[in-house]
Each structure stands twice: as C-alpha cells, then as structure tokens.
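Please open the model in your viewer and keep the sequence panel at hand, since each stop of this tour begins with a selection and then turns to what can be found there.

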Amino acid sequence: MSPQARRDDLIRAALDLFGSRAPELVTVDDIVARAEVSRPLFYRYFSSLRELQVEALRTVTDGLIDGLAGLEEGPPETRLCAAVRGLIDVADHYRAGYIALLRSGSVIATSETDAAIDEVRNRAVALILDALGVEDPSPLLSLTLRCWTAVVEGALLSWLQERSVARESLDTWLVDQLTAMLGATAAHEVAPKP
C-alpha cells in the first residue's frame, strides 16, 4: 500500500470509529485494531492521535463542502434542497465526527478545525447567493444567510442526537426556514435613496 493510501486507510478507520463514539473517546489502539496495523506504523504516518483527529475532522468538512457543491439545476428552492440534502447525508455519515466538530467546547476543536468550519459556512453562503442570483448582497441579506447557516448547524446537531424529525422532511423544512427569513429580510431592507 502506498504511503498516501495507508494514511487514508488510518483516517477511514478513525472515521468509522467516530461513527459510533465521539473522537475524544477513540484511542490509538482502537484505530490500529480497526486498520489492522501496528502502533509503530500508526506513528510513521501521524505524530500523535491529535494530528489524526484533526485530519479526520478535516475529511468531514471536506465532505460537507463536497455535499454543498452538488447543486442540481432548476429553481433556487430545488437547488437549495439538494444542497441541504447533501449536508444532511454527510453529517449523518460522519455523525460523531460532525457532532464533535460543531459541539461547543469539544476537546477536538482547534483553530484549524474552526477555520474549516468557517470555510463550510462561507461556501454555504456563496452557494445560496449563487442559487438566488445575487452578486452583491446587502449587509442585512449577508447577516440573514449567516444566521441561517447557524440554524442548519443547530438543527443538524439536534437531529443527529435525537432523530425526532423524519429525515425526509428535514431538507424542505430547513429551506422553508430560509424562505421565511428571506421574506423578513426583504420586509426590512431599506430602499436605496435616489
């Protein structure tokens, strides 16, 4: 196996384990057992468990960005539903990693993972603006979209932990939330002065 393939295999093993428990509860021994490698081999590719945790969580954020990138053609609502569905799929696939990434006070949180989360948020806002055909958003519209990304994050965290809402209705409900927020924003926009 090539060095990059072995490294990717160790990250996959960690992410598999994160599917059933929080990253801070996964040990090097757990990872090497899942990947069927030795501890010395683990340390050939990662200097520490922390480094692997950050790399694995970066894989989650990359997946979130890829999930957002899969916008369908069609009206804005259809495109946004597809993007939200992509986020839900990735968050569900990497459940424990996603929860650890966004949970306040996570021991896995670093400035690097915070920057990766901001990258996902910025990408979400850019995709919404693209779907709406807006090139130069007003400050109030920008604020609305950033608030909506927080709504999505909070809703996904709750949904992943509680599963109290049917997955099939989650994407349209979140897009309906955005539609309502955009309506409120439009009502408060100040008309440009002549």
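How close do the axes of α6 and α8 come, and at roughly what angle do they cross? Before answering, bear in mind that this is a predicted model.

**First stop: α6 and α8**

Select α6 (95-102) together with α8 (139-162), and look along the two axes, which come within 10 Å and cross at roughly 135°. That angle makes α6 oblique to α8, and α6 passes α8 in a left-handed crossing. To see the contact itself, show the side chains of Arg95, Tyr98, Ile99 and Leu102 on α6, and those of Glu153, Leu156, Leu157, Leu160 and Gln161 on α8. Coloured by class, the residues of this contact divide into 6 nonpolar, 1 polar and 2 charged.

**Second stop: α5 and α8**

Keep α8 selected and add helix α5, residues 76-93, which packs with α8 at an angle of about 40°, the two axes being 11 Å apart. At this angle α5 and α8 are therefore oblique to each other, and their crossing is right-handed. Here Val84, Leu87, Ile88, Ala91 and Asp92 in α5 meet Trp148, Val152, Leu156, Trp159 and Leu160 in α8. By class, this contact has 9 nonpolar residues, no polar ones and 1 charged. It is worth leaving Leu156 and Leu160 displayed while you switch between the two stops, for both residues belong to the contact of α8 with α6 and also to the contact of α8 with α5.

**Third stop: the largest cavity**

Now turn on a cavity display, in which 2 cavities of 30 Å³ or more are to be found, and centre the view on the largest cavity, where about 170 Å³ of space lies. Of the 16 residues that line this cavity, the closest to its centre are Leu87, Tyr98, Val120, Val152 and Glu153. Some of these will be recognised from the earlier stops: Tyr98 and Glu153 take part in the contact of α6 with α8, and Leu87 and Val152 in that of α5 with α8. Which elements give two or more residues to the lining? They are α4 (49-69), α6 (95-102), α7 (111-132) and α8 (139-162), and the largest share, 5 residues, comes from α8. By class, the lining has 12 nonpolar, 2 polar and 2 charged residues.

**Last stop: α1 and α2**

Finally, move to helix α1 (residues 3-18) and helix α2 (residues 28-35), whose axes come within 9 Å and cross at roughly 115°. The two helices, α1 and α2, are therefore roughly perpendicular to each other, and the crossing is right-handed. On the α1 side, select Arg6, Asp9, Leu10, Ala13, Ala14, Asp16 and Leu17, which meet Asp30, Ile31, Arg34 and Ala35 in α2. By class, the contact of α1 with α2 has 6 nonpolar residues, no polar ones and 5 charged.

Note on methods:
Residues are numbered from 1 along each chain as its sequence is written. This is a predicted model: local features need pLDDT of at least 70, side-chain atom pairs count only at pLDDT 80 or more; totals for chains, interfaces and linings use all residues. Side-chain values use heavy atoms; hydrogens and water are left out. On a 1 Å grid over the protein atoms alone, a cavity is a set of points where a 1.4 Å probe fits but cannot get out, and a pocket is an open set with protein on both sides within 12 Å along at least five of seven lines; lining residues have an atom within 4 Å of a point. Grid points are joined across faces, edges and corners, and a volume is the space filled by probe spheres set on the points. Helices (H or I, at least four residues) and strands (E, at least two) are DSSP runs, numbered from the N terminus. Ala, Val, Leu, Ile, Met, Phe, Trp, Tyr, Cys and Pro count as nonpolar, Asp, Glu, Lys and Arg as charged, and the others, Gly among them, as polar. Axes are lines fitted to C-alpha atoms, for helices over the stretch in contact, and angles run from 0 to 180 degrees between N-to-C directions. Angles under 35 degrees count as roughly parallel, over 145 as roughly antiparallel, 65 to 115 as roughly perpendicular and the rest as oblique. A crossing is left-handed if the near helix is turned anticlockwise from the far one by less than a right angle, and right-handed if clockwise. Contact means heavy atoms within 4.5 Å.
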